[in-house]
Amino acid sequence: MKNQSLEIIICGDLCPTLDTKEYFESQDKDTLFNDVISVFEKADFVLGNLEFVLTDTPSPIKKAGPILHANTNYLKVLKEAGIQTVSLANNHIKDCGEKGVLSTISSCKENKIDFFGAGKNLSEAKQPYIKKIEGYKIGFISFAEQEFNMASDTECGAAILYPYEAFDRISEFRQQVDYLIILYHGGIEYYQYPSPLLQKKCRKFIEKGADLVTCQHSHCIGTIEDYNQGTILYGQGNTLFGYREGDDSWNQGLLIRLIFNDLVKKPEIQLIPVHATKKGIRCMDQLKSNMLLEHLYKKSNKITDAA
């Protein structure tokens, strides 16, 4: 039986950097997350995208772009902060090869953090995730765009979007849950607007049964649209990914808060702006938060303009 209310927080990308390394090592959740901790504490369920490999014996692969990995004990502070589940479908999960994927999975299991979006093979990687809480069945599926990260029938890696089977799988899975959320790790990095192809993909997710789609990976806040009774956020921005001097786009991100109430069919969706500091992240004050959200909705009008 459902209770009257349920609150879920969805974080964006999570990754240690040089400026936060000491806080990960000392398990200092209060410095890493500051007043964001209180946001997590009020929620019934918190998840995010783990954007780095967990390994104590890194063996980086040869690839274009940065290699992201950290010690397995770095996961503990995320759990202590309140993060209960992580998506592993991203472009960095295989930065240390198959051993890195297996080490990440093992670390999640040891720390009793649920995960989805990657696995020992493609069959495991593409398995959806169901969270049963307060009488609700909330479904999650995550996909990554193909880089150096994909799982296969015989290799560890991330779940890649294969349109010819993924959209049917979404439709089937939607019948099993009360609400379906898709985390899509893709889009153009540092670009605030969806490409026509990304918009088509995300709209198709909604058409096939998703209620909410959030795009991660771009490292900046994008745009948002309501489509066919669903919601698409094209760019959630970073949650915890270090501080860059003078780079507001990198330093700002959105937490998604879903408030379910059994008296209404759809949850209320709230966006909570956060920003990076030289010591972890903080919630934006009310004035800056209002300004950021006003700008978000203003620029979002452009993506539905046929001209």
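**Close-up 1. Asn 91 and its polar contacts with two histidines.** The side chains of Asn 91 and His 217 are joined by a polar contact of 3.4 Å. A polar contact is a pair of N or O atoms within 3.5 Å; within protein, one must be able to donate a hydrogen and the other to accept it, and residues adjacent in sequence count only if both atoms are side-chain atoms. Another polar contact, of 3.0 Å, links the side chain of Asn 91 to that of His 185. The model is predicted: local features need pLDDT of at least 70, side-chain atom pairs count only at pLDDT 80 or more, and totals for chains, interfaces and linings use all residues. Residues are numbered from 1 along each chain as its sequence is written, and side-chain values use heavy atoms, with hydrogens and water left out.

**Close-up 2. The surroundings of Asn 91.** Asn 91 sits in the loop between β5 (85-87) and α5 (97-110). Helices (H or I, at least four residues) and strands (E, at least two) are DSSP runs, numbered from the N terminus. Is Asn 91 buried or exposed? Asn 91 is buried, at a relative accessible area of 5%. Buried means under 20% relative accessible area, exposed over 50%, partly exposed in between (1.4 Å probe, protein chains only). Neighbours within four places in sequence aside, Asn 91 is in contact with Glu 51, Lys 63, Glu 147, Asn 149, His 185 and His 217. Contact means heavy atoms within 4.5 Å.

**Close-up 3. The β8-β9 hairpin and the link from β9 to β11.** Strands β8 (residues 129-133) and β9 pair in the antiparallel sense over five bridges. Two strands pair if DSSP finds at least two bridges between them. Tyr 129 stands opposite Phe 140 in β9. Two residues lie between the strands of this hairpin, and Glu 134 in the turn has a positive phi of about 50 degrees. β9 (residues 136-144) is mostly covered, with eight of its nine residues buried. β9 and β11 (residues 179-185) run parallel, joined by seven bridges. Phe 143 has Tyr 184 in β11 as its bridge partner.

**Close-up 4. The open six-stranded sheet and two helices.** The strand order is β8-β9-β11-β12-β14-β13, with mixed pairing. β8 and β13 (221-227) stand at the edges with a single partner strand each, so one side of each has no neighbour in the sheet. From one strand to the next, the twist averages 15 degrees. β13 and β14 (residues 230-236) run antiparallel, joined by six bridges. Asp 226 has Thr 231 in β14 as its bridge partner. Helix α7 (residues 163-174) lies across β8, β9 and β11, at about 170 degrees to β9. Helix α8 (residues 196-207) packs on the sheet, touching β9, β11, β12 (212-216), β13 and β14; its direction makes about 145 degrees with that of β14. Axes are lines fitted to C-alpha atoms, for helices over the stretch in contact, and angles run from 0 to 180 degrees between N-to-C directions.

**Close-up 5. Helix α10, its cap and its two faces.** Asp 285 caps the N-terminal end of α10, with a side-chain oxygen 3.2 Å from the backbone nitrogen of Leu 287. Which residues of α10 are buried? They are Ser 289, Leu 292, Leu 293, Leu 296, Lys 299 and Ser 300. These cover an arc of only 135 degrees around the axis, which puts them on the same side of α10. The arc is that of the directions from the helix axis to the C-beta atoms. Their cover includes β13, β16 (252-261) and β17 (268-276). The face turned away from the buried side carries the exposed residues Leu 287, Met 291, Glu 294 and Lys 298.
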